[in-house]
Amino acid sequence: MSTGPGAFIHVTMDSKQAGSGNITELFEILWQCKIKDCLERARKANLNAPEASEFFIEEVFAFVRNIPSAPFLNLSPEVKSDVAALAFRAKGNEMYHPTVRNFMEAVKFFNESIAYSEKGSVERAISYANRSIVCMELFLYEDCLENIRLARESNYPTHFLVKLAEREAKAKEALQHVKTPIGSKSKSGRGSAKDRRTIGQDGPHITKFDCMSTELWETMLKHKLAQANREELQPHEMYQFLVREISDFVRSYPYRQRLDMVHPDGKDDAKAETWRAKGNEMFHPKEKNYFLATAHYNASIAHAQKGSKARAIAYANRSAVCVKLGRYEDCLENIRLARESNYPASMMVKLDKREAMVKSLQAAEQIRRSCNNWGEEEEPEKLTLSYQSHPNAPQMVDCIELHQNQQFGRHVVASAPLQVGDVLIIEEPYVTVLNSETKYLRCAFCHTEEPCLLIPCEECTIAMYCSQKCLRAAWQQYHQYECPILRDIDNLGSPFLLIAVRLVIKAICTFEHDLEALRKHLSHLDVSKVNPFNVNWKKASSKDMYDAVYALATNQTKHNPKSLSHYILEATIAHDLLLKRTKLGQVCKADSILKKSLFNLIIRHLQSMIVNSQVIWSMHYATGLARTYEQLVYASGCFPLLSMFNHSCASNVERFCFRDGRCALVVSRPIAKGAQIFQNYQIHHWTQSLEIRQFILFHNFGFRCLCEACVKDYGALDYYLDNPCNEEDFMDIGRISYELKQHSREKALKWLPLLRSALNKIDSDYPSYKTASLQALLFRCYQIIYSRASCFSNSIR
């Protein structure tokens, strides 16, 4: 029996066209005219297993449905396919990755994605948007703006529009104010060719800070290191050398003017009016983009003075959005806030009418729910540990242990056999920070997505909260220090720096705002003896918890000099801002020891978060394309226990996020007693070649990977597409994937135990098309059950 995709397609056609003539002839025509081409595209596009199965099924079904009206020999091999477009976009993203940065290849794949995508589809829109990012990297600002226009015309997803608007603003500003290296001028709005080659090579987004950092390295640090015989310097000597040089640079160079940090953050009713006008544009009947309108109204609220007319009207406008979304309770709350903020008496009649209308709609909704026996929204399933919890750590099982040796360093080992689907850890983050793109959509403290209820910090324009309770908690734990500098830290463009600063501030607050007490405590701390697995988390004090975070690895000696200089510059600027704009300046005063201690904390946590922080994401199902969904990253967090697991490109556990920000670690392949437990650092052999994996891991984490996938050179998924599995298995994979496209919790609960059982039986086949497919489907089930998309995102589609 043939086992390739051709045989599967033949079987599928038989089931659709039983008794309808010469099936063999029909199959040969389909194979030659369409499927061979589609198969080649699937190989090149590196589709994951479920997508590949669905891809073949949909192509066959579409062909059979069109048989009566399409002459067999006139079938076109070139057909639009959002599945293929998605795959090409993924390849473009891989080429764009900051450790690859092959922009020409990225553009090529994004163009392929655009060519294959349907007109007006989400896939085409996102590919245009991705191409605009490459244009920003190359200082092609006019091209960037044109791609943003095309993305909007192609129905760009509403939940990404905030990011697109910010990119558009940066491109327009750059056209007017192109920053070039000190001592040089560029007459072109795009920057000189030299500028485009040298600027922005330290990250995926060009910022003014990136430009300054690269300029500092190229024009000064690189040459001074050469003069100091860099090869003869020990790592600690090179570090001290860079700290001295960069400190002198920051003291003498007007970096605040260069980075637009001259004026501290503060309320500005004029800016609030501007943001509200943008919200009105999105709310207009021609746009009806209520998601982006809400984000702009929130920005207006954040910038407006307390009790001002600007803030009151923004609250009132947000209440109008709530009416459109059917969020009646939220509407009434916004009306209350508008009145509290001195809403103009001349406009109060309109607000009163809206309130009366909403109360009547609310009453009618309650009656309708009562008549139809509608209950409250069903709560997500609760996931629990699969084994008895550790006696000292209720967030992890008692059958995993932390070991240490020269080969692996700290690593986690199973003390009992573990099966696929076992839940090993459910950990809350020690500290988190929102991504810049979500600051006007989620609470800055608990990260709940409640954009219709956010209230502002009264001192800065960045932080917004879902309640007074969260506002007070954030202020007490860290925001009282970071508030004056949060905007400037955010504008530097590094999520790692913000989480590092927050860790430092939380530590200071933990030691009752006594930096000297913190310094003395750390001077006696032996980090080599700090074992997060041995901490009694049931009784641990906040100081004990901080010790576990402080002891996380920094990899300082593994950074190349250019990267290390970039991190030191970030830490030095943050240190300078903290001393000059927060009450830490009064704490340190002229005490050089305390100032140095503060800097050491910032640079330590910055480096440790670069290698240890974890992204936190939520699920979003793309508008109009039921089969596609996105893991939208909205925050980053520090998880001390999860940070103990080493990497493998063929990992045996996977991490996924709950809606409340906790993360769970779930077994994805059977693990024998005594075997090491590996997660992956978002790098896996299914999706990346050996060469790319080795490059990324060495560049970002400083090690040469010797996992089984690298030693045995496991192939990527397309390597296994020639002979994926037998026809029955192939059909089952496609059927399960098709059912999970409905995002039904009931269906996910049905398939979850069956997928776990199957994966426990076939691990000896790893790696194979079947194991890849079932792993992807298993974790899709977990995502549907435990990581649902937000209610607000659902309501706006």
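Buried here means under 20% relative accessible area. The model is predicted, and the tour begins with a residue to which that cut-off applies.

**Stop 1: N680**

Select N680, in the loop that runs between strand 12 (678–679) and helix 26 (690–701). Is N680 buried or exposed? Its relative accessible area is 16%, so N680 is buried. Now show the side chain of S651: the side chain of N680 makes a polar contact with it at 3.0 Å. To see the surroundings, add H647, S648 and E654, which N680 touches along with S651 when residues up to four places away in sequence are not counted.

**Stop 2: helix 21**

Move to helix 21, residues 515–523, and colour L515, L518 and L522, the buried residues of this helix. They span an arc of only 60° around the axis, which means that they sit on the same side of helix 21. What do these buried residues pack against? Display helix 20 (495–510), helix 22 (542–550), helix 24 (584–588) and helix 25 (592–612): the buried residues of helix 21 pack against these four elements.

Then go to the start of helix 21 and select D514 and E516. A side-chain oxygen of D514 comes within 3.1 Å of the backbone nitrogen of E516.

**Stop 3: charged pairs on helix 16**

Side chains of opposite charge can pair when their charged atoms come close. The count of salt bridges in this model is 34; a few are picked out here.

Select E333 and R336. Their side chains form a salt bridge, with 2.5 Å from N to O. Both residues belong to helix 16 (residues 328–340) and stand three residues apart, about one turn of the helix. Next add E340, whose side chain meets that of R336 in a salt bridge, also listed at 2.5 Å from N to O. R336 and E340 are four residues apart in helix 16, again about one turn. An α-helix has 3.6 residues a turn, so residues three or four places apart point the same way.

How accessible are the three residues? E333 is partly exposed at 27% relative accessibility, and R336 is partly exposed at 36%. E340, with a relative accessible area of 54%, is exposed.

While still in this part of the chain, select R339, D352, E355 and K359; a network of salt bridges links these residues.

**Stop 4: R442 and E449**

Select R442 and E449 for a salt bridge in another setting. The closest N and O atoms of this pair are 4.0 Å apart. R442 is buried, with a relative accessible area of 7%, and E449 is buried at 15%.

**Stop 5: cysteines**

A disulfide is a covalent bond between the sulfur atoms of two cysteines. How many disulfides does a search of the whole structure find? The search returns zero. Select C443 and C446 to inspect one pair: C443 is in no disulfide, and its nearest cysteine sulfur, that of C446, lies 3.7 Å away. The cut-off for a disulfide is 2.5 Å between the sulfur atoms, so a pair at that separation does not qualify. C443 has 0% relative accessibility and therefore counts as buried. Finish at C399, which counts as buried at 7% relative accessibility.

Technical notes
Residues are numbered from 1 along each chain as its sequence is written. This is a predicted model: local features need pLDDT of at least 70, side-chain atom pairs count only at pLDDT 80 or more; totals for chains, interfaces and linings use all residues. Side-chain values use heavy atoms; hydrogens and water are left out. Helices (H or I, at least four residues) and strands (E, at least two) are DSSP runs, numbered from the N terminus. Buried means under 20% relative accessible area, exposed over 50%, partly exposed in between (1.4 Å probe, protein chains only). A polar contact is a pair of N or O atoms within 3.5 Å; within protein, one must be able to donate a hydrogen and the other to accept it, and residues adjacent in sequence count only if both atoms are side-chain atoms. Contact means heavy atoms within 4.5 Å. The arc is that of the directions from the helix axis to the C-beta atoms.
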